[in-house]
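Colleague: I'm new to reading structures and would love a close look at a single part of this one. Please pick one small spot and build the picture outward from there.

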Amino acid sequence: MHQTAEPKGLVKIVFWNVNKSDLTDQVCSIAAETNADVIVLNENEVDCEYTLSALQDRISTAFYMPSATRKINRFHCFCRSPSLDFSEVHSGFRTSVRKAWLSEQFALMAFVHGVDMRNYDPETRQSFAQSLASEIQLVKEQQETNRVILIGDFNMNPYDRGMNLAPGLNAMMTIRCVASGSRRHLGRDYDFYYNPMWSLFGDRTPGPPGTTYDTSNQGPYGWNMLDQVILSHSVVHLFESVEILSTAGTYALLDTYGRPNSCHFSDHLPILLTLREQSNA
């Protein structure tokens with residue numbers, strides 16, 4: 001059994017849309033390889049108790065499933081650090097918002113699964129983003145915090161209007177862009193989010209050019225960055241790094257063309273978010 005603990009000071013969170021495939025072996029390999037504190041699976045049709053048992057048997061007995069309001073949840077969340085909490089405080093149409101204690105301060109971690117590109121046009125996906133922003137704002141007010149991180153399969157690229165429109169997710173390309181905290185639009189202030197996924201786009205980056213590959217009419221760019229993480233300006237100082245994973249232990253998640261191997265694994269690549277527990281700010 002692998003029991004290695006993550007060095008104190010870093011929190012590692014893996015998100016993966018497993019495309020309804022049984023990728024239990026690969027999930028365990030990623031958990032071991034990354035020393036993940038939290039693993040979030042989307043579109044996982046494997047019984048969550050089976051996945052949990054595999055993580056406990058092969059990686060660490062400390063893994064557990066934080067409490068959720070719905071028995072059948074769109075997101076399967078596995079955590080091995082009780083101090084992080086990650087219990088659910090809100091379950092929406094395609095969202096699950098969790099408590100997260102980071103750097104000994106309360107924050108919210110929202111899991112997101114946007115409406116897909118093949119069945120919904122850009123206007124509908126933009127509408128979803130605006131609805132999502134309103135939903136998150138409501139939860140922020142209920143929980144009395146503006147410290148929020150969203151992670152998931154947004155089914156949008158960082159440059160899509162829903163991601164950067166002020167009444168949408170208002171997510172900007174660089175940390176400096178969000179330094180002012182908010183921007184005013186039509187007489188109302190909107191909190192900024194930082195989107196680090198911009199920095200991972202294209203073939204002049206250390207990892208794959210995106211998280212999915214699609215050349216259909218709704219995916220004209222080839223590579224897309226549908227799986228993203230965005231951080232509200234108030235927690236940007238906790239951001240350490242984000243990576244697109246192309247391996248799971250000895251498993252190569254890319255095919256011979258360097259694209260996600262959807263025949264054997266998923267059409268999405270997992271992403272690994274690393275946060276600092278202690279701010280360097």
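Modeller: Happy to! Let's begin with T51, which counts as buried because its relative accessibility is 2%, and the cut-off for buried is under 20%. Please keep in mind that this is a predicted model. T51 is found in helix α2. Setting aside neighbours within four places in sequence, T51 is in contact with L41, N44, V46 and F78.

Now let's see what surrounds that helix. There is an open sheet of 5 strands, and reading across it you meet β3-β2-β1-β18-β15, with mixed pairing. The edges of this sheet are β3 (75-79) and β15 (239-244); each has a single partner strand, so one side of each is left without a neighbour in the sheet. From one strand to the next, the twist averages 15°. At one edge, β15 is joined to β18 (residues 271-276) by 5 bridges, and these two strands run antiparallel. You can find a pair to look at here: V242 has L273 in β18 as its bridge partner.

Two helices come next. Helix α1 (residues 24-34) packs on the sheet, where it touches β1 (10-17), β2 (38-42) and β18. The direction of α1 makes about 160° with that of β1. Helix α2 (residues 48-58), the home of T51, packs on the sheet as well, touching β2 and β3. The direction of α2 makes about 25° with that of β3.

How many residues of α1 are buried? The count is 8 of the 11, so α1 is largely enclosed by the rest of the structure. The buried residues of α1 are T24, Q26, V27, C28, S29, I30, A31 and T34. They pack against β1, β2, α2, β16 (247-248), β17 (251-252) and β18. Just after α1, N35 takes a positive phi of about 55°.

Let's move on to β2, which both α1 and α2 touch. Strand β2 pairs with β1 in the parallel sense over 5 bridges. Within that pairing, W16 has L41 in β2 as its bridge partner, and L41 is also one of the residues that T51 is in contact with. For β2, 5 of the 5 residues are buried, so this strand is largely enclosed by the rest of the structure. Try following the side chains along β2: V38, V40 and N42 point one way, I39 and L41 point the other way, and all are buried.

From β2 we can step over to N17, which sits in strand β1. Is N17 buried or exposed? With 0% relative accessibility, N17 counts as buried. The side chain of N17 makes a polar contact of 2.9 Å with the side chain of E43. Another polar contact, of 3.0 Å, joins the side chains of N17 and D153. Not counting residues up to four places away in sequence, N17 touches N42, E43, H113, D153, D227, S266 and H268.

Some of those residues lead us to a second sheet. This one is open too and has 7 strands in the order β4-β5-β6-β7-β14-β11-β8, with mixed pairing. Its edges are β4 (85-91) and β8 (171-172); each has a single partner strand, so one side of each is left without a neighbour in the sheet. Inside this sheet, β5 (residues 95-102) and β6 (residues 105-113) pair in the antiparallel sense over 8 bridges. Here K99 stands opposite L108 in β6. Helix α3 (residues 122-143) packs on this sheet, touching β4, β5, β6, β7 (148-153) and β11 (193-194). The direction of α3 makes about 155° with that of β6.

Finally, let's step back. The protein has 4 helices and 18 strands. With 281 residues, a compact globule would have a radius of gyration near 19 Å, and the protein's 18 Å agrees with that. Its C-alpha trace spans about 55 × 45 × 35 Å along the principal axes. Buried residues make up 56% of the 281, and T51, where we began, counts as one of the buried residues. Among contacts between residues at least 6 apart in sequence, 64% join residues at least 24 apart. The accessible surface comes to about 12,600 Å², and 47% of it belongs to carbon and sulfur atoms.

Note on methods. Residues are numbered from 1 along each chain as its sequence is written. This is a predicted model: local features need pLDDT of at least 70, side-chain atom pairs count only at pLDDT 80 or more; totals for chains, interfaces and linings use all residues. Side-chain values use heavy atoms; hydrogens and water are left out. Two strands pair if DSSP finds at least two bridges between them. Axes are lines fitted to C-alpha atoms, for helices over the stretch in contact, and angles run from 0 to 180 degrees between N-to-C directions. Contact means heavy atoms within 4.5 Å. Buried means under 20% relative accessible area, exposed over 50%, partly exposed in between (1.4 Å probe, protein chains only). A polar contact is a pair of N or O atoms within 3.5 Å; within protein, one must be able to donate a hydrogen and the other to accept it, and residues adjacent in sequence count only if both atoms are side-chain atoms. The radius of gyration is taken over C-alpha atoms; the globule rule is 2.2 Å times the number of residues to the power 0.38. Accessible areas come from the Shrake-Rupley method with a 1.4 Å probe; for residues, only the protein chains shown count as cover.
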